[in-house]
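Hello,

Here is the structure for you to keep. Please open it first and read the notes underneath afterwards.

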Amino acid sequence: MATGDESCSIQLIDGDGSFNDTGIEHFIKEVKLHECGLSYAVVSIMGPQSSGKSTLLNHLFYTNFREMDAFKGRSQTTKGIWMAKCAGLEPCTLVMDLEGTDGRERGEDDTAFEKQSALFALAVSDIVLINMWCHDIGREQAANKPLLKTVFQMMMRLFSPRKTTLMFVIRDKTRTPLENLEPVLREDIQKIWDSVPKPQAHKETPLSEFFNVEVVALSSYEEKEEQFKEQVSNLRQRFFHSIAPGGIAGDRRGVVPASGFSFSAQQIWKVIKENKDLDLPAHKVMVATVRCEEIANEKFAAFTANENWCLLEEAVQSGPVAGFGKKLNSILYESLSEYDAEATYFDEGVRSAKQKQLEEKLLQLVQPAHQSMLGHLRSGTLEKFKEAFEKALNGGERFSLAACNCTESYISLFDEGCADAVVELANWDCSKVRDKLRRDVDAHVASVRAAKLSVLTSSYEAKLNEAIAGPVEALLDGANNDTWPSIKKLLQRETESAVSGLSSALSGFDIDAETKEKMLSSIQDYARGVVEAKAREEAGRVLIRMKDRFSTLFNHDSDSMPRVWTGKEDIRAITRTARSASLKLLSVMAAIRLDDNVDDIENTLTSALVDTKNNAAVTDRSITTFDPLASSTWEQVPPAKTLITPVQCKSLWRQFRAETEYSVTQAISAQEASKRNNNWMPPPWAIVALVVLGFNEFMTLLRNPLYLGVIFVGYLVMKALWVQLDISGEFRRGVLPGLLSISTKFLPTVMNLLRKLAEQGQSPATNYPQTNPGAESKSFQSGSSSMASSASSGITAPRNDIEYSSSSKEE
């Protein structure tokens, strides 16, 4: 490719008919043809070999086509078809220099390339220059007539010929005026047109329908060079704005946009080489299809690489993007606008179809990002709703009002976000995402409602449990005839209070009447269940309760003071009373009596377990006599309300009697021991016998008072030992155990007693020293007496405690 100051040229088709597709692409980029749209013109030149075509073009368009060297002889200079950009012309003008016709190099018969190149020029050119010698005009066999015939024949191979300007350039004009030459030339042209075979559709079509015929004359370049250059300069002015209305090619038709020129020319040459008729409208559609698709692909690729789109796509993956729709619409419209700008001159139907395909591809590309945006909007709105809803509830707002207000507010917020993210080119429906958000919101409201109702119900259940369980336990512990009526009143009072409070609290939750009724019924059932559960729990401890009640009544008097078994108490009556009370507790615990049903459990238990006459009668009867407790159910009491079956009552009573027999036996033993302790004096006859038999010893004591002192001191010592050793208490457990216990404590007790006597004897001497021996003797006597009495009192002082301890042990 040769280059000049403002022009460049390329061999478009070589002499062998090969199309230079790589070269033309580079050429078009070099001359920036793709920016021209429809504002460009193509000029081609035909004529005999060595007729000065290249010279004319170089002077007319400032190109640099190779010219013939006249000194080397007349020979073929241009081979194939060359193309160059005309320098300094507006609009952009491309000129093609065709290989000359009638050349000896190709021979007489090889006219194929001439016809192919002529057809190619007619198909792509707006203006065709036909270079011819002036002296050939009017001749029958001159070279211009075969050329014109070829041109017109090739024109018929275009199914829909484009309007082309044929400019006949008469070279080396003679003195004959142009006004005389032009009519002859036009007459020859018309004759040639009329003689050319035409399709049926164009039999009567005039030449002017296909061609604008222009005729210009130029002086000889070799003989009148300056005049030639001046004429060429004037002719050049006609090529300025040649395609504008009124220009020499102002009425051209079927122009291929500049960006499709390369592909169009290549395809036209391919069809011509295959010797096929060229359908220009179909070719135009084909070029538009290919080029529009190429442009669409380029814009799609450019869109995918667009930095703003990449940043937007990356940003929307991690979270919502403010103004997403506006930003995305801007990028999409920019891409489509670029497509429109480049494809605007192509066939409208093809352009629109490819634009639609481009839109679909772009929307398919951006749809995941749009879905991600909607997903972020949905999740973000849901989180905000949860926070606002919780805040409203914590602020004391009613549940139903808070749910309604927050739902409407944040659904509207989501709708605003969807409007901000809308893609204007797409008709995407956000209703599915909106419905999903609504379902999520409703599910959260339902979940919170369930949680709140559960907490509310649990709180009332806890209150009921606290209000009922303790009192029921206390009432069952003090079982009597009023126990179950009192429990019923307690249950009714607390249940009504809980139902009233719960009903008021539920009014703020906007729940249906059926659900509300179920919850209120459930709280009533729960209260009843608390009573029944507590009753069953206490029934499991009935034996312990019975023993506690028996122990309380048996071991304490009516003033709740511990009993001391002195021998005057009626143990049988006390035992009967305590057992009757325990049986009363058993009868109360035997069944749940929250309904108004009447039962005969107490009488049945009394007659079967306590009534001795009935028991004796049963014992005397046959074994086959009916036992009222030999059953697993109570009459008039449903099994579900039974806590202790008759058989279990009988077993419990048997165990109760066995475990309380010991207490009764201990009481009887204590009473008998108390009676023995109170009868320690000898019988009267023994006292009379002692007086009679001991009269002499008594008189001896009266005669000698010293014996009385010794006896008295001995009495005090024995009494002190009796008290200290607790002889009466030791012998209550039996003779042998008493002797063993006394023997082990005797010596320590005697030593302790002597130590105390010694301490008492030293005390007067230390505190009150005596100087009179006589007084000392008296003092000794009185001191001995006082020491003995104090020792006796000191030793006997703990007796009350010992007696109380022993009585406690017996009890």
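Are H16 and H17 roughly parallel or roughly antiparallel to each other? H16 and H17 are roughly antiparallel, because their axes cross at an angle in that class; angles under 35 degrees count as roughly parallel, over 145 as roughly antiparallel, 65 to 115 as roughly perpendicular and the rest as oblique.

This is a predicted model, in which local features need pLDDT of at least 70 and side-chain atom pairs count only at pLDDT 80 or more, while totals for chains, interfaces and linings use all residues. Residues are numbered from 1 along each chain as its sequence is written, and side-chain values use heavy atoms, with hydrogens and water left out.

Helices H16 and H17 (DSSP runs of H or I, at least four residues, numbered from the N terminus) span residues 542-555 and 571-589. Their axes (lines fitted to C-alpha atoms over the stretch in contact, with angles from 0 to 180 degrees between N-to-C directions) come within 9 Å and cross at roughly 150°. The contact (heavy atoms within 4.5 Å) includes Phe550 of H16 and Leu585 of H17. By class, the contact of H16 with H17 has 12 nonpolar, 3 polar and 3 charged residues (Ala, Val, Leu, Ile, Met, Phe, Trp, Tyr, Cys and Pro count as nonpolar, Asp, Glu, Lys and Arg as charged, and the others, Gly among them, as polar).

The other pair is H1 (residues 21-31) and H7 (residues 261-273), whose axes come within 10 Å and cross at roughly 155°. H1 and H7 are therefore roughly antiparallel too. Asp21, Ile24, Glu25 and Ile28 of H1 meet Phe261, Ser262 and Gln266 of H7. These residues divide into 3 nonpolar, 2 polar and 2 charged.

Regards

Conventions: Helix = DSSP H or I, 4+ residues; strand = E, 2+ residues; numbered from the N terminus.
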